[in-house]
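Colleague: I would like to learn how to read a model like this one, feature by feature. Where should we start?

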Amino acid sequence: MHFYRTLRPVKAITFDLDDTLYDNHDVIRRTQQESHAFLQAYHPALREVSHEAYQALRDKLLRQEPEIYHDVTEWRRRAVAEVMLNVGLPAAEAEKGSRAVMANFAHWRSQIEVAQATHQALALLAQRVPLVAITNGNAEPHLFGLDGYFRCILRAGPHGRAKPFADMYQLAAEKLDLPLENILHVGDDLTTDVAGAVRCGMQACWINLRGGNLMHIRDSRLLPHLEISQLASLTALV
């Protein structure tokens, strides 16, 4: 555990989800494969739709509506619906089909294995201070056994703009009825988690799970209050 800033009393902790509490890379890879296969099998007209064609529509939608970036689930659904419209499916069928594809996506997206050490650390922390999850992604913690540790789960899109924007950090403080300065945000990303939290007045903990050197990482814009390499270290703080 390394301290870079003076730590104020920690009365609550917020957590990023993906790549902070579990490894997300293999899950995303498999989810994309399974979801695209489901899309191609949904209707004969979709069999030849390539991943590249789908991605091109996602990129086009983002250029047309930059704010859709803040809701990755709706962004994906809208792109799927556009794919279906482009191959000639009626609007009602494209709407229905896009929701079916997203239901399949949600299933695979939440096939996540959480280490027992993570469960143990969260359980202990939750006994001491309130915990909140803040995510830019679309994993559903109730499907892989993490929801019970959190007072609430805030998602970019339904609950505000994506991190590093302050929307969800401020909403967490409101729900906890605590000053931002007494909340510690824990995450793996030096931009969305560390810089975002510090700039809005929270304290920030960088969880360094890959042995990175904070002084030699290009995304290191602002120093966190502390750095840890395993979640269990937090139990010594509260």
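Modeller: Start with a helix, and keep in mind that this model is predicted. The buried residues of α3 are W75, R76, R77, A79, V80, A81, V83 and M84.

Colleague: What covers the buried residues of α3?

Modeller: The cover includes three other helices: α1 (25–42), α2 (51–64) and α4 (91–109).

Colleague: How many residues does α3 have, and what span does it reach?

Modeller: Helix α3 runs over residues 72–86, which is 15 residues. From first C-alpha to last it reaches 21 Å, close to the 21 Å expected at 1.5 Å a residue. Just after α3, G88 takes a positive phi of about 105°.

Colleague: Next, the nonpolar cores. What is the general idea?

Modeller: In soluble globular proteins, nonpolar side chains tend to be buried together. Here the largest nonpolar core has 28 residues, and F15, L21, Y22, L131, L146 and L234 have the most contacts inside it. At least two residues of this core come from each of β2 (12–15), α5 (116–128), β3 (131–135), β5 (183–187), β6 (203–207) and β7 (226–228). The largest share, 3 residues, is supplied by α5.

Colleague: Which residues does L131 touch, leaving out those up to four places away in sequence?

Modeller: L131 touches I13, F15, L122, L125, A126, Y149, F150, R151 and C152. Apart from the largest core lies another, of 24 residues, with A12, A156, L178 and V198 among them.

Colleague: How much space lies in the largest pocket?

Modeller: About 430 Å³. The largest pocket is lined by 21 residues, and the closest to its centre are D18, N24, I28, R109 and G137. Two or more lining residues come from each of α1, α3, α4 and α7 (190–199), and the largest share, 3 residues, from α1.

Colleague: How does that lining divide into nonpolar, polar and charged residues?

Modeller: The lining of the largest pocket has 3 nonpolar, 8 polar and 10 charged residues.

Colleague: Last, a single loop residue. Where is G157 placed, and why is it classed as partly exposed?

Modeller: G157 sits in the loop between β4 (152–155) and α6 (167–176). Its relative accessible area is 29%, so G157 is partly exposed; buried would need under 20%, and exposed over 50%.

Colleague: Which residues is G157 in contact with, leaving aside its neighbours within four places in sequence?

Modeller: G157 is in contact with H70 and D71. As for Q32, G157 is 125 residues from it in sequence and 21 Å from it in space, C-alpha to C-alpha.

Key:
Residues are numbered from 1 along each chain as its sequence is written. This is a predicted model: local features need pLDDT of at least 70, side-chain atom pairs count only at pLDDT 80 or more; totals for chains, interfaces and linings use all residues. Side-chain values use heavy atoms; hydrogens and water are left out. A nonpolar core is a set of buried Ala, Val, Leu, Ile, Met, Phe, Trp, Tyr and Cys residues joined through side-chain atoms within 4.5 Å. Buried means under 20% relative accessible area, exposed over 50%, partly exposed in between (1.4 Å probe, protein chains only). Helices (H or I, at least four residues) and strands (E, at least two) are DSSP runs, numbered from the N terminus. Contact means heavy atoms within 4.5 Å. The expected span of a helix is 1.5 Å times one less than its number of residues. On a 1 Å grid over the protein atoms alone, a cavity is a set of points where a 1.4 Å probe fits but cannot get out, and a pocket is an open set with protein on both sides within 12 Å along at least five of seven lines; lining residues have an atom within 4 Å of a point. Grid points are joined across faces, edges and corners, and a volume is the space filled by probe spheres set on the points. Ala, Val, Leu, Ile, Met, Phe, Trp, Tyr, Cys and Pro count as nonpolar, Asp, Glu, Lys and Arg as charged, and the others, Gly among them, as polar.
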